[in-house]
Amino acid sequence: MIAVINVFTVEPANQSRLLDILSAATEGTVDRAKGFRGATLHRSLDGTRVTMRAEWASLDDYEAMRRDPAPLRYFEEALSIAKFDPGLYEVVRRFEPRQDGAR
């Protein structure tokens with residue numbers, strides 16, 4: 001499994017719009033792509049960043065989604081109001097809350 005972590009830098013006035021664009025892209029096209037395992041969308045409290053973390057079954061599945069023209073218009077719109085720093089990572093380990101009641 002791989003994780004794609006994109007950090008977008010945006011003017012605070014455009015943070016909500018960017019969140020809407022990324023949500024529309026994910027709910028409308030990306031979530032139907034082969035190998036998509038899920039995503040989380042984060043906004044910074046100061047309004048200057050948006051981070052999206054998505055998990056994919058494989059790098060090939062992610063690259064196939066990027067070649068699909070359906071989400072392209074969303075990505076182009078996002079880049080018209082924000083700069084982004086993409087990153088591809090291998091998922092090494094996931095941590096979950098303990099179920100035994102210990103904290």
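This briefing walks through helix 1, a few of its residues, and the aromatic rings of the structure above. The model is predicted, so please read each distance and angle below as a value computed from that model. Helix 1 covers residues 15–28, and a search of the whole structure finds 3 aromatic pairs.

**Helix 1: length and faces**

- Helix 1 has 14 residues, and at 1.5 Å a residue these should span 20 Å; the end C-alpha atoms are 20 Å apart, so the expected and modelled spans agree.
- The buried residues of this helix are Gln-15, Leu-18, Leu-19, Ile-21, Leu-22, Ala-25 and Thr-26.
- Viewed down the helix axis, those buried residues fall within an arc of 160 degrees, so they line one face of helix 1.
- As helpful background, an α-helix has 3.6 residues a turn, so residues three or four places apart point the same way.
- Asp-20 and Glu-27 are exposed, on the other side of helix 1.
- The cover over the buried residues of helix 1 includes strand 1 (2–10), strand 2 (36–43) and strand 3 (49–56), along with helix 3 (72–81) and strand 4 (82–85).

**Gln-15**

- Gln-15 is found in helix 1, and it counts as buried because its relative accessibility is 8%, below the 20% cut-off.
- The side chain of Gln-15 reaches the backbone oxygen of Arg-49 at 2.9 Å.
- Leaving aside neighbours within four places in sequence, Gln-15 is in contact with Val-10, Arg-43, Ser-44, Gly-47, Thr-48, Arg-49 and Val-50.

**Arg-17**

- Arg-17 also has its place in helix 1, but at 37% relative accessibility Arg-17 counts as partly exposed, a label that applies between 20% and 50%.
- Not counting residues up to four places away in sequence, Arg-17 touches Glu-77, Ser-80 and Ile-81.
- With Ile-81, the C-alpha to C-alpha distance is 8.9 Å, although Arg-17 and Ile-81 are 64 residues apart in sequence.

**Thr-29, after the helix**

- Thr-29 has its place in the loop between helix 1 and strand 2.
- A polar atom of the Thr-29 side chain lies 2.8 Å from the backbone oxygen of Ala-25, and Ala-25 is one of the buried residues of helix 1.
- With residues up to four places away in sequence not counted, Thr-29 touches Ala-24, Ala-70 and Pro-71.

**Aromatic rings**

- Of the pairs found, 3 in the whole structure, one is Phe-36 with Trp-56: the ring centres are 5.3 Å apart and the planes are at 70 degrees, so the pair is edge-to-face.
- This pair links distant parts of the chain, with Phe-36 in strand 2 and Trp-56 in strand 3, 20 residues apart.
- Another is Trp-56 with Tyr-62, where the centres are 5.8 Å apart and the planes are at 65 degrees, so this pair is edge-to-face.
- Phe-36, Trp-56 and Tyr-62 form one aromatic cluster.
- Each member of the cluster is buried: Phe-36 has a relative accessible area of 16%, Trp-56 has 1%, and Tyr-62 has 14%.

**Charges over rings**

- The charged end of Arg-66 sits over the ring of Phe-75, 4.7 Å from the ring centre.
- Arg-73 places its charged end over the ring of Tyr-74, 4.2 Å from the centre of that ring.

Technical notes
Residues numbered from 1 in each chain as written. Predicted model: local features only at pLDDT ≥ 70, side-chain atom pairs only at ≥ 80, totals over all residues. Heavy atoms only, no water. Helix = DSSP H or I, 4+ residues; strand = E, 2+ residues; numbered from the N terminus. Expected span 1.5 Å × (residues − 1). Buried < 20%, exposed > 50% of the residue type's maximum accessible area, 1.4 Å probe, protein only. Arc of directions from axis to C-beta. Contact = heavy atoms within 4.5 Å. Phe/Tyr/Trp six-rings, centres within 6.5 Å; stacked < 30°, edge-to-face > 60°. Lys NZ or Arg CZ within 6 Å of the ring centre and 35° of its normal. Polar contact = N/O pair within 3.5 Å; in protein donor to acceptor, adjacent residues only side chain to side chain.
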